[in-house]
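Reader: Please take me through one part slowly. I want to see how a pair of helices packs, and what empty space is left around them.

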Amino acid sequence: MFDSLKDRLQSVFSGLGKRGALSEGDVDAALREVRLALLEADVALPVVRQFMERIREKAVGAAVLKAVRPDQQVIKLVHDGLTEVLGGDAEPLRIDVTPPAVILMAGLQGSGKTTTAGKLALRLQTRQKKKVMLASLDLVRPAAREQLRALGEQVDAGILPESDNETVVQLAKRALQAASLQAYDVLILDTAGRLSIDDALMGELAEIKALTNPDEVLLVADSLTGQDAVTTAKAFHDAVGVTGIVLTRLDGDARGGAALSMSQVTGCSIKLVGTGEKLDALEEFDPERMAGRILDMGDVVALVEKAAEAIEEEEAMRMAQRMAAGKFDMNDFLSQLRQLQKMGGLGGLLGMLPGIGKMKKQISAAGIDDSMMKRQEAIILSMSKKERVQVGLLNASRRKRIAAGSGTTVQDVNRVVKQYQDMAKMMKKMGSKAGSAGLKALMGGGMPGNMGGMMSGNAPSAADMAKLSQKMGGGSMPSLPGLGSKPPFGGGLPGLGGVGGKKKK
Amino acid sequence: MKWLSRLTAGLKSSSTKLTSGISALFGKEKIDASSIEDIEDALISADLGMPATLAIIDAIKSHRWDGPVSEDGLRSVLAEQLTAILTPVEGPLNVNRAHQPHVVLLVGVNGSGKTTTAGKLAAKFQRDGQSVMLAAADTFRAAAIEQLAGWGVRTDTPVISGARGGDAAALAFQAIEQAQRQKIDVLIIDTAGRLQNRLELMDELSKIIRVIKKQMPDAPHDTVIVLDGTVGQNALAQVKAFEAHAGLTGMIITKLDGTAKGGVLVALAREFSLPVHLIGVGETAEDLDVFRAQEFVSALVGGTPQDQA
């Protein structure tokens, strides 16, 4: 989409020539394309309208900057505007109150309330050292309470014991009492999913709110939601006064325009986002990244952060030293493979890159997926310790043995060896050329600089992406050096390691 | 017309939107640019998506109008267009008793309503006089097994389940074996929700199907994607990916009793020729109804459906 929006904007501005400022006509034409892009991202129509009005005011008369093409300028305007609406800096949860702080979860059926409640308990316990109690007020869905209890046990949170024949309001009362008697810091109340037009259930929610006086009322919403986001958010906000939004399933590939619709309608910021099925997959919301995602500019920041998390600093230093010494053996190759896997595998990584739609198809057509990486790992693990250090030992009969041991073919083994050799060659070059000063620059400054450039609209050209995609789609295996030597990866995968020390939040 | 009234109530907001959009055009001599824009907005707000919206707008623009355009006239042309797109995808979920069991595999993203739909389907098939078995192959989500077991109790249906975290494919295999032994008419297999861009999870789904085929080569007889009615344009990506990995035979749309419009169905119908079997319109076991294009469209654009009398 970013590509097509960019292309469309380029064609809109092709006649602009060297005029000094954007005329109203230029802006109108460009904004029509932007409107379309937002609608395709599922941003609700009324929100799109309001937003376009704001952008229009800013865009008309804006001076054409010499260094920047007008299409890029419009994209930046839109990107900044989106970031602003999405809430500037994310506010933390208000839980530092006289305990217990009460958090009420609300939302439609299947939006992810119960899972989020479990994730939130884990997050508050580990990051803020809070003592958390979970209580299910869901008497509608079969086994909803069992689900919350199972999650509570997994994250080792307190769980309100169940008892029969209680109304939701009685349950809420008992939860509040239990949490304060047992000195919990935070009480998370999970509620049944309900439709915003269900007056009885919405009334019940209001009653729970009045009784428990929550410090946070979190609307849990699915990032796959379409135009209905605006209706639902408004109804919940009107009924119970939402204080924040949790956006779930952001690990999907929806553009997530619902985020914009809901923050606009409720005036609340998105406090947290669900990014996976594991219980630690609950992250802080980043408006700028979300803006990029809605415009399909790719979540490059997430890529950098994932890299930072996955690659430990020590490991990165060790690798850097070995590189500087021109050493790179199969063990190093293996550890790189594993780092890549930790970063969410190829699928996860590619999902965060801009213009990925077309590439993804090519990649899956070429059969490149994460199972391939597992096979590569198996091949290396089937080598003896000696072979891993002295790759030259691998003659035909050893390769045959390795293939048998890893359940692959000799061709697969050959391919891994070839990849290793390519990579080792590159490492050697870098090691000898760079010296310690050059290497330092590569490790420390290279990546963030590149990433920063990307986010401000200086994205890799379509040609670059095409080259990259060719490289990835053409070969039968992802070539790590290939990935590394092209933008936006900057200084190769080892270079990502430097980010770990520098950019960790 | 229980179904219709509920659906109409459910779709009321979208119909209000469409209607209010259209009402503004009432009495105009001809359709001008701004009235076209109003229809466009109404269609977009119903989640039809841009390509479907633009196609319908084109059709309305090229429609030959006799005399002044009335609200009803415009609405009926709109309804005609939508019905023409949706009628071909009407298609009930038919069970062939000769299969014993006829295997229905439910797939979809997380939270779309697979487990609830499995329970409702069990109730529906039983009402139709078939013996039903449920298989809890969602071994991932906490208490998914208990949730399906709850439906088993509610609908008096046997539920095959294993331990949480167990192998879903093995469980499906085992369920088919049991259903065959007990000569069950319909076996409904509930699977874990998975986002379609998670390749490893999609591969797992392909594996479940491969393993099912080992025990019963022509199964699953129906592989049905369960879509959340509130979903936006991502529904297209969902259907495409699940089609590629699981070979879909049909769709069920849930949660149409809320404010969600389910208009993405129009986009889906244009792009895929998959039948829409049923729609979910509430939380009780009975709240699963046959999809009828004309009724759906009536609820969407307002006005009186022809078969209401």
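Author: What follows starts with one helix pair and then turns to the empty spaces.

This is a predicted model, where local features need pLDDT of at least 70 and side-chain atom pairs count only at pLDDT 80 or more, while totals for chains, interfaces and linings use all residues. Residues are numbered from 1 along each chain as its sequence is written, chains are lettered from A and ligands numbered from 1 in the order written, and side-chain values use heavy atoms, without hydrogens or water.

Start with the helix pair. Helices (H or I, at least four residues) and strands (E, at least two) are DSSP runs, numbered from the N terminus. Two packed helices are described by the angle and the distance between their axes. Axes are lines fitted to C-alpha atoms, for helices over the stretch in contact, and angles run from 0 to 180 degrees between N-to-C directions.

In chain A, take helix α7 (residues 168–181) and helix α8 (residues 199–212). Their axes lie 10 Å apart, at an angle of about 25°. Therefore α7(A) and α8(A) are roughly parallel to each other. Angles under 35 degrees count as roughly parallel, over 145 as roughly antiparallel, 65 to 115 as roughly perpendicular and the rest as oblique. The crossing of α7(A) and α8(A) is right-handed. That word applies if the near helix is turned clockwise from the far one by less than a right angle, and left-handed if anticlockwise.

Which residues touch? Contact means heavy atoms within 4.5 Å. From α7(A) come A:Val168, A:Val169, A:Ala172, A:Lys173 and A:Leu176. They meet A:Glu204, A:Glu207, A:Ile208, A:Leu211 and A:Thr212 of α8(A). Six of the contact residues are nonpolar, one is polar and three are charged. Here Ala, Val, Leu, Ile, Met, Phe, Trp, Tyr, Cys and Pro count as nonpolar, Asp, Glu, Lys and Arg as charged, and the others, Gly among them, as polar.

Now the empty space. Rolling a probe the size of a water molecule over the atoms shows where space is left. On a 1 Å grid over the protein atoms alone, a cavity is a set of points where a 1.4 Å probe fits but cannot get out, and lining residues have an atom within 4 Å of a point. Grid points are joined across faces, edges and corners, and a volume is the space filled by probe spheres set on the points. The whole structure has 10 cavities of 30 Å³ or more.

Helix α7 returns at the second largest cavity, where β2 (132–137), α6 (144–155) and α7 of chain A each supply at least two lining residues. This cavity has a volume of about 70 Å³. Its lining includes A:Leu134, A:Arg145, A:Ile159, A:Leu171 and A:Arg174. The largest share, three residues, comes from α6(A). By class, the lining has six nonpolar, one polar and four charged residues.

Set the largest cavity beside it, at about 110 Å³. It has 14 lining residues, and A:Leu108, A:Ser111, A:Ala221, A:Asp222 and A:Thr225 are the closest to its centre. Two elements of chain A, β5 (216–222) and α9 (228–240), give two or more residues each. The most come from β5(A), with four. Six lining residues are nonpolar, six are polar and two are charged.

Note on methods:
1 Å grid on protein atoms, 1.4 Å probe; cavity = no way out; pocket = protein on both sides within 12 Å on 5 of 7 lines; lining within 4 Å.
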